[in-house]
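Here's a quick tour for anyone meeting this structure for the first time. Take a look at the sequence and the 3D view, then read on.

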Amino acid sequence: MLARAVVSTATRRVELREVEIGAVGPWDVRVELERSAISVGTESYVLAGERFPRPYIPGYAPIARVVEVGAEAARLFTPGERISYFQPRAPRADQGVIQNCGGHQSPAIIGVNPAERHLLASNTFCVRVPEELSTERAAFGGIASISSLGVTLAAPRVGQRALVIGLGMIGQMAAAHLKLRGVEVAVADLHELRRELARRAGADHVIDPLREDLATRVRELWPEGADIVADATGRYEVVEQAVPALRREGTVLFLAWYKGAGLNLEAFHGTVFRAAFPWTLKGDHVLASWRLMAAGALRVDHLHTHTFPVAQAQQAYDLIYRAPETYLGISLDWSR
C-alpha cells in the first residue's frame, strides 16, 4: 500500500513523496489523515541539523479517520472513528525512508496489539478523539499533553505563582494548564504577538525580556520569588537567567528539547530547587487535554494561526525559519 508522506530531504527542505507501507495485519488499523500539527520546536531543530539520517518523515500525534481494521483490531476500533497516535508503521525498508515519529504520513497503519503497544503510555499511545471536539482543535492535543504532563509533575497548588518563559504552543498551553490549577501566572517572550495572545488568554503578568530583566521583574511582583519557573525556550542561558527568580525549594520545569551540553550547573550553586522534565507524549494527558478543550476550559483557537494544505508543507517550514514573530500554531490539512 502506498502512502503520501512529508519527507525531509535536505537541511530545512521537505517534499511530498509516496512510500510503501505494506498491508493491514490482524492487529492493525489503517487511517487517513485529516490534520497534523507541526511541533515547531522539535521539527525546526531536526530539519535544520544533521542529527537524523535523511530522508525521514517527521511529525507526531496527527488526527486521522479509521478506514480499515484487522480482524483482531476490530475488538478495539471501528471504521469511521477519529484517532490520534504516535509512530505508525515505518515505510518498507527498501524505500530508503526512515521515521522521526512519522506523523506526517497518510494513509498510515498503526499496530494496536495491547501486547506490543500500550494505548495510553508514553510515545506508544493510540486514542479516540472525542466526537464533540473539532479536528482543528484536536490536532494540538499531542503538544498540549507535554504541557499537561509537565504541570502535573510540577504539582502546583492553588494560589502559587509561576513564571512561564517562551510562549510557543507548549509555553502557551503550560500557562493555560497552570491557570486552570489556580496559579497566578507571569509570562515572557521576545515576540509581541505571543505575549499578546497569552495576555488575552488570561496571563496575570506579561513581561518583555528585551525591556525588563526577568528575575528583577519577578521579584518585584513576588518578593519571595516564583514557586515554579517553566522554561519552554530550550535555551540554557535563559534557564540560568531565570533561576534567580525562583523561591527557595521551588520547581524548575524544563519543557523544551535541550540540545548538547550547555547548562552551567555552577550558576546554580547555593540554589535549592526541584526540577521536572516531561520529555514525552502520553496518551492519558492527550485525552485529558482534549476533555478540557471540549469543555471550553483549554482554548486553542486563538493560538492556531496558520493552516497549509499538505502539498504546501515546504511553505509552512519556510515560515517557521523566516518569520517566527508572525506565527504560533501551524497545521497541515490533508483533506485538500
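A β-α-β crossover counts as right-handed if, with the strands pointing away from you, the path from the first strand over the helix to the second runs clockwise. By that test, β12, α5 and β13 make a right-handed β-α-β unit. Keep in mind that what you're looking at is a predicted model. The notes below start with that unit, then move on to a second crossover, the salt bridges and the cysteines.

**Strand β12 and its neighbours**

- β12 is mostly tucked away, with four of its five residues buried.
- On one side, β12 pairs with strand β11 (residues 161–165) in the parallel sense, over five bridges.
- If you want a spot to zoom in on, Leu163 stands opposite Ala186 in β12.
- To get from β11 to β12 the chain passes through α4, and this β-α-β crossover is right-handed.
- β12 also pairs with β13, again in the parallel sense, here over three bridges.
- In that pairing, Val187 has Val206 in β13 as its bridge partner.

**Helix α5**

- Which residues of helix α5 are buried? Helix α5 spans residues 192–200, and its buried residues are Arg194, Arg195, Leu197 and Ala198.
- Looking down the axis of α5, you'd find those buried residues within an arc of 160 degrees, so they line one face of the helix.
- What do the buried residues of α5 pack against? Their partners are α4 (169–180), β12 (184–188) and β13 (205–207).
- Turn to the face of α5 that points away from the buried side, and you'll meet the exposed residues Glu192 and Arg200.
- Just after α5 comes Gly202, which takes a positive phi of about 115 degrees.

**Another crossover, further along**

- Strand β17 (residues 304–309) and strand β18 (residues 329–333) run parallel and are joined by five bridges.
- Here the pair to look for is Thr307, which stands opposite Ser331 in β18.
- Between these strands the chain goes through helix α9 (residues 313–322), and the β-α-β crossover from β17 to β18 is right-handed.

**Salt bridges**

- How many salt bridges are there? The count comes to 22.
- One of them brings together the side chains of Arg35 and Glu136, at 3.3 Å from N to O.
- That pair links distant parts of the chain: Arg35 sits in strand β3 (residues 28–37) and Glu136 in helix α2 (residues 135–138), 101 residues apart.
- Arg35 counts as buried because its relative accessibility is 7%, under the 20% cut-off. Glu136, with a relative accessible area of 37%, is partly exposed.
- Another salt bridge joins the side chains of Arg128 and Glu81, at 2.7 Å from N to O.
- Arg128 lies in strand β10 (residues 126–128) and Glu81 in the loop between β5 (63–69) and β6 (82–85), so the pair ties together parts that are 47 residues apart in sequence.
- In this pair, Arg128 is partly exposed at 39% relative accessibility, while Glu81 counts as buried at 18%.
- A third example is Arg217 with Glu220, where the closest N and O atoms are 3.2 Å apart.
- Arg217 and Glu220 are separated by about one helical turn, because they are three residues apart in helix α6 (residues 214–221).
- Is Glu220 buried or exposed? Glu220 counts as exposed, at 52% relative accessibility, whereas Arg217 is partly exposed, with a relative accessible area of 25%.
- There's a network of salt bridges too, linking Arg30, Glu32 and Glu68.

**Cysteines**

- The structure holds zero disulfides.
- Cys101 is in no disulfide, and the nearest cysteine sulfur, that of Cys126, is 15 Å away.
- Why doesn't the sulfur of Cys126 form a bond with the closest cysteine sulfur? At 15 Å, the sulfur in Cys101 is too far away for that, since a disulfide needs the two sulfur atoms within 2.5 Å.
- Cys101 counts as buried, at 15% relative accessibility.
- Cys126 counts as buried as well, at 3% relative accessibility.

Notes. Residues numbered from 1 in each chain as written. Predicted model: local features only at pLDDT ≥ 70, side-chain atom pairs only at ≥ 80, totals over all residues. Heavy atoms only, no water. Buried < 20%, exposed > 50% of the residue type's maximum accessible area, 1.4 Å probe, protein only. Helix = DSSP H or I, 4+ residues; strand = E, 2+ residues; numbered from the N terminus. Arc of directions from axis to C-beta. Contact = heavy atoms within 4.5 Å. Pairing = 2+ DSSP bridges. Salt bridge = Lys/Arg side-chain N within 4 Å of Asp/Glu carboxyl O.
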